[in-house]
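Grab a pencil and work through these exercises with the model open beside you. Try each task before you read its solution.

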Amino acid sequence: MRVFYSQKTEQVIRIQLTQWRQMIQEHLTRKHQDLSDNWKTCALGERIKTEGKDLQNLKDLSPEAIKLGYDFSVALQERNNALALEIIEKIEKLSTIWRNES
């Protein structure tokens with residue numbers, strides 16, 4: 001059990017949001033903004049999928065994750081690639097995005 005936990009923890013710590021990194025390197029369009037407006041398809045949504053979970057309620061996310069998700073959406077709306085990449089890095093570095101996990 002301990003080995004599985006440490007492997008799972010290692011995977012979570014090394015989460016890379018490659019899908020959104022690739023999209024941001026493209027020319028940002030309205031399609032990207034629409035994707036970022038949906039919590040399940042934004043950068044946080046990619047992390048949720050990577051962790052193998054599903055988002056039932058926005059309140060399941062930590063306040064910091066919610067703020068980063070909102071900031072990410074605003075960065076895409078403003079077509080600010082540099083800021084969007086910074087936010088992705090912050091999302092990747094969060095130890096958890098879930099409210100009830102520490």
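## Getting your bearings

The chain has 6 helices and 0 strands, where helices (H or I, at least four residues) and strands (E, at least two) are DSSP runs numbered from the N terminus. This is a predicted model, in which local features need pLDDT of at least 70 and side-chain atom pairs count only at pLDDT 80 or more, while totals for chains, interfaces and linings use all residues. Residues are numbered from 1 along each chain as its sequence is written, and side-chain values use heavy atoms, with hydrogens and water left out.

## Exercise 1: Confidence

Find which element has the lowest mean pLDDT and which has the highest.

**Solution.**
- Start with the term: pLDDT is the predictor's confidence in each residue, from 0 to 100.
- Next, take the whole chain: its mean pLDDT is 82, and 84% of its residues reach 70 or more.
- Now go element by element: helix α1 (residues 2–13) comes lowest with a mean of 50, and helix α5 (residues 63–77) comes highest with 93.

## Exercise 2: The sides of α5

Work out whether the length of α5 agrees with its number of residues, then list which of its residues are buried and which exposed ones sit on the face turned away from them.

**Solution.**
- For the length, the expected span of a helix is 1.5 Å times one less than its number of residues. The 15 residues of α5 should therefore span 21 Å, and its end C-alpha atoms are indeed 21 Å apart.
- For burial, you need cut-offs: buried means under 20% relative accessible area, exposed over 50%, and partly exposed in between (1.4 Å probe, protein chains only).
- The buried residues of α5 are Ala65, Leu68, Gly69, Phe72, Ser73, Ala75 and Leu76. They cover an arc of only 160° around the axis, which puts them on the same side of α5; the arc is that of the directions from the helix axis to the C-beta atoms.
- It helps to recall that an α-helix has 3.6 residues a turn, so residues three or four places apart point the same way.
- The face turned away from the buried side carries the exposed residues Pro63, Glu64, Lys67 and Tyr70.
- What does the buried side pack against? The partners of those buried residues are α2, α3, α4 (43–51) and α6, with contact meaning heavy atoms within 4.5 Å.

## Exercise 3: From α3 to Ser73

Identify the buried residues of α3, and then find what Ser73 touches.

**Solution.**
- In α3 (residues 30–37), look for His32, Gln33 and Ser36, which are buried. Their arc around the axis is only 100°, which puts them on the same side of α3.
- These buried residues pack against α2 (18–25) and α5.
- Ser73 is found in α5 and is buried at a relative accessible area of 12%.
- Skip residues up to four places away in sequence, and Ser73 touches Ser36 and Asp37.

## Exercise 4: The nonpolar core

Which residues of the largest nonpolar core touch the most other members?

**Solution.**
- First, the term: a nonpolar core is a set of buried Ala, Val, Leu, Ile, Met, Phe, Trp, Tyr and Cys residues joined through side-chain atoms within 4.5 Å.
- The largest one has 23 residues, and Trp20, Ile24, Leu61, Phe72 and Ile97 touch the most other members. Two or more residues each come from α2, α4, α5 and α6, and α5 gives the largest share, 5 residues.
- Now zoom in on Trp20, found in α2 and buried at 0% relative accessibility. Beyond four places in sequence, its contacts include His32, Cys42, Phe72 and Ile88. Trp20 and Cys42 are 22 residues apart in sequence, yet 8.0 Å apart in space, C-alpha to C-alpha.
- Phe72 lies in α5 and is also buried at 0%. Leaving aside neighbours within four places, Phe72 is in contact with several residues, including Trp20, Ile24, Ala84 and Ile88. Phe72 and Ile88 are 16 residues apart in sequence and 7.7 Å apart in space, C-alpha to C-alpha.

## Exercise 5: A positive phi

Find where Arg79 is placed and how accessible it is.

**Solution.**
- Arg79 is in the loop between α5 and α6 (81–93).
- At 39% relative accessibility, Arg79 counts as partly exposed.
- Check the backbone: phi of Arg79 is near 55°, a positive value in a residue other than glycine.
- For background, most residues other than glycine have a negative phi.
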